[in-house]
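Work through the exercises below with the sequence and the 3D view open. Try each task before reading its solution.

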Amino acid sequence: MKILIIGATGMAGQSLTQLAVAQGFSVTANGRNAEKLNQLQQQYPAITPLVADAFSLTKSQLTQFDVVIDAFATSPDQAYLHVDLATHLVACLRNQTKPRLAFILGAGSLKTGANRHNLVDDIIADPANQAWQAIPQNQLAELDFLKQVDNVNWFGISPGITFEDGPASEQIITGTDDLLFNSADQSVTTSGTMAQAMLSEIQHPQHHQTRFTIINA
């Protein structure tokens, strides 16, 4: 199976690349920084590097793959690019069943509390989060956009409150739209867990035009 990982040199992207290579996928790793992609290829010689701005990717390029994974990350001052990239990918692939589009989404769109409000509301309410709150705000907007898309083969995965580098959990807790906590009252998703869940969904599709969420057990 041929997959394209957008943002392959980032935290999530590197874990995805490592696991996808180990599982025998044909991996094309996309990023803007040639030096970082070269370093990634030194670690995983089997990958094909694609140095390009993700916004320059064309329909003819994208349709060469079975799955395109959007693991794009950006700084808070450019958080709107999450929405823009999703829009670009969808625009290129309207009325196409291939490739399947996979998005790593934020936790801000998950429901929490007795009134099941969006977690992003709690994030915004705390002044200490002002420097980075644009990221969950825009990832909520990204999901809201995707929910309106019914002629592209897409799915998304949201992590828990904390999304950090680390190996896959031995057990994964899965949900739909509600913020999850494990038995230790933690809501943590490691990059390895995200990679494992993402590639499992790609190999054994369970979700179509919807988002689900996963955390470490």
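**Exercise 1.** Does N95 count as buried or exposed, and why?

*Solution.* The model is a predicted one. Begin with the location: N95 sits in the loop between helix 4 (81–92) and strand 5. Next, take its relative accessibility, which is 62%. The cut-off for exposed is over 50%. N95 therefore counts as exposed.

**Exercise 2.** Classify R116 in the same manner, then examine the backbone of R116 and N95.

*Solution.* R116 lies in the loop between strand 6 (111–112) and strand 7 (117–118). Its relative accessibility is 42%, so R116 counts as partly exposed. Now turn to phi. For R116 the angle is near 50°, a positive value in a residue other than glycine. For N95, phi is near 60°, again positive in a residue that is not glycine. As background, most residues other than glycine have a negative phi, and most peptide bonds are trans.

**Exercise 3.** Which two residues are joined by a cis peptide bond?

*Solution.* Look at omega: it is about 5° for the bond between K98 and P99, and this bond is cis. P99 belongs to strand 5 (residues 96–104).

**Exercise 4.** Trace the chain from strand 1 to strand 3 and describe how the strands pair.

*Solution.*
1. Strand 1 (residues 2–6) pairs with strand 2 in the parallel sense, over five bridges. One position to check is L4, whose bridge partner in strand 2 is T28.
2. Between these strands the chain passes through helix 1 (residues 11–22), and this β-α-β crossover is right-handed.
3. Strand 2 also pairs with strand 3 (residues 48–51), in the parallel sense over four bridges. Here G31 stands opposite V51 of strand 3.
4. From strand 2 to strand 3 the path runs through helix 2 (residues 34–43), in a β-α-β crossover that is right-handed.
5. Finally, consider burial. In strand 2 (residues 26–31), five of the six residues are buried, so the strand is largely enclosed by the rest of the structure.

**Exercise 5.** How many residues does the largest nonpolar core have, and which have the most contacts inside it?

*Solution.* This core has 28 residues, and those with the most contacts inside it are I3, L16, I69, I157, M198 and I202. Helix 7 (residues 191–203) provides the largest share, six residues. Take I69 as a case: leaving out residues up to four places away in sequence, I69 touches I3, L4, I5, I6, L16, A102, M198 and I202. Another core, of 23 residues, lies apart from the largest one and includes A54, L57, V149 and V152.

Conventions:
Residues numbered from 1 in each chain as written. Predicted model: local features only at pLDDT ≥ 70, side-chain atom pairs only at ≥ 80, totals over all residues. Heavy atoms only, no water. Core = buried A, V, L, I, M, F, W, Y, C linked by side-chain atoms within 4.5 Å. Buried < 20%, exposed > 50% of the residue type's maximum accessible area, 1.4 Å probe, protein only. Helix = DSSP H or I, 4+ residues; strand = E, 2+ residues; numbered from the N terminus. Contact = heavy atoms within 4.5 Å. Pairing = 2+ DSSP bridges. Right-handed = clockwise from strand over helix to strand, strands pointing away.
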